[in-house]
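The exercises below ask you to read a structure step by step. Keep the sequence and the 3D view open while you work, and try each task before you turn to its solution.

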Amino acid sequence: MSNKLIYIGILIALIFTQSCTTKETNIEKMLSRNWNFDTEIGPSFVDSTTFLNLSYKVSGGDTLREFTSVFNGRKDIGTWEIEDGNDLILASPLQNMETEIDSMTQSFDDKGEVTINYFKDNESVGSFENGKFNPKKFYQRFTINEISSTKLHLVFENQPGSATQVTVLPYKYVSKVLPTSISFYSVTRGLLGIIALIFITFLFSSNKKAINWSLVAKGLGLQLALAIAVLYVPFVAVFFDQMSNVFMSIIGFTDDGANFVFGQFGTGEIQGPLQNFAFKILPTIIFFSALMSMLYYLGILQKVVYVFAWLMKRFMKLSGAESLAAAGNIFLGQTEAPFLVRPYLEKMTKSELMCLMTGGMATIAGGVLAAYISFLGGDDPEQSLFFAKHLLTASIMSAPAAVVAAKILVPETEEFNKDMNIPKEKIGTNILEAITNGSTDGLKLAVNVGVMLLVFTAVVSMANAGLGWIGGITGLNDVIASSTGYSELSFQFILGYAFAPIAGLMGVDNWNDMVLTGQLLGEKTILNEFYAYATFGDIKSNFVSQKAVVMSTYMLCGFANFASIGIQIGGIGALIPTRKGMLSKLGVKALIGGTVASLLTAVVVGMFL
């Protein structure tokens with residue numbers, strides 16, 4: 001074990017060093033976002049449409065820096081540059097202005113092409129060149145006094161000797177369309193991350209010589225194909241967009257039910273103190289659980305699962321049972337999916353059980369998926385659709401990734417059953433009983449989630465109080481506040497810096513985002529993904545890079561945490577009590593496999609961002 005940790009440490013150090021020297025840590029990347037003007041410029045100028053949006057992208061080798069600003073009712077569009085490392089220059093054509101022209105000149109170059117320049121009082125007002133009129137531009141120079149992930153402080157001169165200070169704050173995370181750009185750098189970083197994660201998994205393998213590398217390659221190929229299809233193939237992207245719309249509609253139906261039960265008389269809506277997590281998000285878990293139960297009773301869910309299972313069985317040469325389990329985990333929870341393969345559980349090989357457990361760790365259930373969308377999207381429908389699409393994609397992509405991780409950790413060395421039949425048993429004697437049973441199970445899950453978040457939040461708060469006290473008497477709080485994005489020594493600070501190297505391994509491109517991503521990964525692994533997603537919803541505007549936000553969405557999409565080991569041993573063990581001993585031995589490896597699978601999914605998507 002010690003040699004494994006040494007290898008992992010060396011690997012992470014090498015990639016972490018490379019990631020910290022990336023060119024994407026420069027000031028242009030930090031500026032590329034949508035900023036809101038703060039009230040320091042005067043209340044009369046500030047309204048909901050006052051903003052400065054700086055975009056930065058590389059397309060075909062050309063760097064495009066474009067800005068849009070709305071200030072005091074005036075909208076400007078143009079380009080921006082950084083001069084002398086500290087000056088932000090905005091350049092935009094003069095708009096809505098009529099200018100008389102009193103003279104003009106024309107010139108010819110050596111190719112015979114003409115350029116016409118227009119003047120007013122000997123000052124240029126524009127030119128006509130290459131068949132296009134180029135108006136005179138208005139230049140505004142700002143001095144960047146301070147920049148961080150949470151604040152941009154600018155100084156500019158209105159008149160000689162008269163300076164005005166402007167503070168702008170990050171706008172809520174905005175992304176109507178996910179910009180994608182394949183570059184040699186992003187693909188290389190992604191491939192390096194994949195190799196590193198596969199190597200780490202290889203170190204923990206129980207039988208390195210028996211690993212089926214053909215299966216591993218096919219699983220990774222399937223992940224890459226899914227990522228490319230969702231991001232670049234129009235009809236696939238449209239399909240996932242439509243699926244996201246369906247999810248959002250279902251969440252809307254949940255709101256109708258919650259408003260009826262908890263809404264005020266007269267308005268019929270949840271208002272005031274009830275407009276909170278318990279009455280807005282937890283009901284989605286109950287409704288989705290009932291919906292899944294109804295779809296299972298009608299046989300619809302089994303048919304969808306069978307299609308995914310058939311594809312993985314044919315493509316990756318899996319057994320029938322593990323194919324069904326891997327596909328079932330896309331839609332069902334880690335304790336519900338084993339029911340799909342209940343007749344096979346007693347005779348499943350060690351490798352098949354490992355695949356079943358890892359799949360449960362690497363994916364999420366349909367019920368909590370809706371809650372995660374609510375966490376990240378909030379009341380913004382566009383943001384909800386954005387995250388719904390990526391959460392759906394993450395859950396599907398993690399299925400083959402879980403198989404890859406499981407088959408490296410515990411390779412198949414025994415004969416297995418190739419049959420693939422889903423049990424015909426129903427959840428209830430009729431559809432109403434199925435809905436009732438699903439609602440009851442959903443209520444138990446919702447209460448469990450609420451209690452876990454309550455307890456974990458309180459425990460973390462208590463731990464932070466103690467750590468903050470230690471930081472105060474040792475002077476660490478002042479050091480942390482002056483040199484990091486955290487205000488004092490805290491649980492989040494420790495996790496962020498402890499797991500930041502893994503974020504660098506994944507391909508996150510700058511230190512600020514590495515720490516935030518590391519914090520989320522630590523919270524997910526040590527506490528649970530629900531707590532991590534709740535944190536993610538609060539801090540996602542602090543990320544510098546949109547790529548890191550999307551990668552974090554994929555990374556957190558799984559049940560891989562220490563508590564899940566006990567949940568799986570208890571849940572699956574209740575179905576096969578004679579094999580509880582084997583389940584216990586596989587628990588930690590399933591956690592490793594589930595974590596690696598989620599990281600692989602994030603890395604693969606990050607290659608194309």
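**Exercise 1. A loop residue and its partner**

Task: In this predicted model, find out where D509 is placed along the chain, whether D509 counts as buried or exposed, and which side chain D509 makes a polar contact with.

Solution: Begin with the position, for D509 sits in the loop that runs between helix 15 (491–506) and helix 16 (511–526). Next comes the accessibility: D509 has 5% relative accessibility, and because buried means under 20%, D509 counts as buried. Last, look at the side chain, where D509 makes a polar contact with the side chain of K547 at 3.3 Å.

**Exercise 2. The helix after that loop**

Task: Compare the end-to-end reach of helix 16 with the reach expected at 1.5 Å a residue, and say how many of the residues of helix 16 are buried.

Solution: Helix 16 has 16 residues, and from its first C-alpha to its last it reaches 22 Å, which is close to the 22 Å expected. The expected value is 1.5 Å times one less than the number of residues. Turning to burial, 13 of the 16 residues of helix 16 are buried, so this helix is largely enclosed by the rest of the structure.

**Exercise 3. An internal cavity**

Task: Establish how many cavities of 30 Å³ or more there are, which residues line the largest cavity, and which helix gives the most to that lining.

Solution: The idea behind the search is that rolling a probe the size of a water molecule over the atoms shows where empty space is left. The count comes to 1 cavity of 30 Å³ or more, and the volume of the largest cavity is about 40 Å³. Its lining is formed by S186, R189, G190, M506, G507, K547, M551, V603, G606 and M607. Helix 3 (184–203), helix 18 (546–555) and helix 20 (580–606) are the elements that give two or more residues to this lining, and helix 3 gives the most, with 3 residues. Sorted by class, the lining holds 4 nonpolar, 4 polar and 2 charged residues. Notice that K547, one of the lining residues, is also the residue whose side chain D509 contacts.

**Exercise 4. A serine inside a helix**

Task: Locate S398, decide whether S398 is buried or exposed, and describe what the side chain of S398 reaches.

Solution: S398 is placed in helix 12, which covers residues 381–409. Its relative accessible area is 0%, and therefore S398 is buried. The side chain of S398 reaches the backbone oxygen of A394 at 2.9 Å. If neighbours within four places in sequence are left aside, S398 is in contact with A362, T363, C557, A597 and T601.

**Exercise 5. A covered helix**

Task: Which residues of helix 10 are buried, and what span should helix 10 have at 1.5 Å a residue?

Solution: The 13 residues of helix 10 (residues 350–362) should span 18 Å, and the end C-alpha atoms are 18 Å apart, which agrees. Helix 10 is mostly covered, as 12 of its 13 residues are buried; these are S351, E352, L353, M354, C355, L356, M357, T358, G359, G360, M361 and A362. The last named, A362, is one of the contacts of S398.

**Exercise 6. Two buried residues and an exposed one**

Task: For A446, F536 and K317, decide which count as buried and which as exposed, and then describe the surroundings of A446 and F536.

Solution: Take A446 to begin with: this residue lies in helix 13 (residues 431–474) and, at 4% relative accessibility, counts as buried. A446 and L282 are 164 residues apart in sequence, yet their C-alpha atoms are 5.5 Å apart in space; beyond neighbours within four places, A446 is in contact with L282, I285 and I286.

F536 is placed in helix 17 (residues 529–539) and is buried, with a relative accessible area of 0%. With neighbours within four places set aside, the contacts of F536 are L376, L520, F543, V549, S552, T553 and L556.

K317, in the loop between helix 8 (300–316) and helix 9 (320–331), counts as exposed at 56% relative accessibility. Its phi is near 60°, a positive value in a residue other than glycine.

Key. Residues are numbered from 1 along each chain as its sequence is written. This is a predicted model: local features need pLDDT of at least 70, side-chain atom pairs count only at pLDDT 80 or more; totals for chains, interfaces and linings use all residues. Side-chain values use heavy atoms; hydrogens and water are left out. Helices (H or I, at least four residues) and strands (E, at least two) are DSSP runs, numbered from the N terminus. Buried means under 20% relative accessible area, exposed over 50%, partly exposed in between (1.4 Å probe, protein chains only). A polar contact is a pair of N or O atoms within 3.5 Å; within protein, one must be able to donate a hydrogen and the other to accept it, and residues adjacent in sequence count only if both atoms are side-chain atoms. Contact means heavy atoms within 4.5 Å. On a 1 Å grid over the protein atoms alone, a cavity is a set of points where a 1.4 Å probe fits but cannot get out, and a pocket is an open set with protein on both sides within 12 Å along at least five of seven lines; lining residues have an atom within 4 Å of a point. Grid points are joined across faces, edges and corners, and a volume is the space filled by probe spheres set on the points. Ala, Val, Leu, Ile, Met, Phe, Trp, Tyr, Cys and Pro count as nonpolar, Asp, Glu, Lys and Arg as charged, and the others, Gly among them, as polar.
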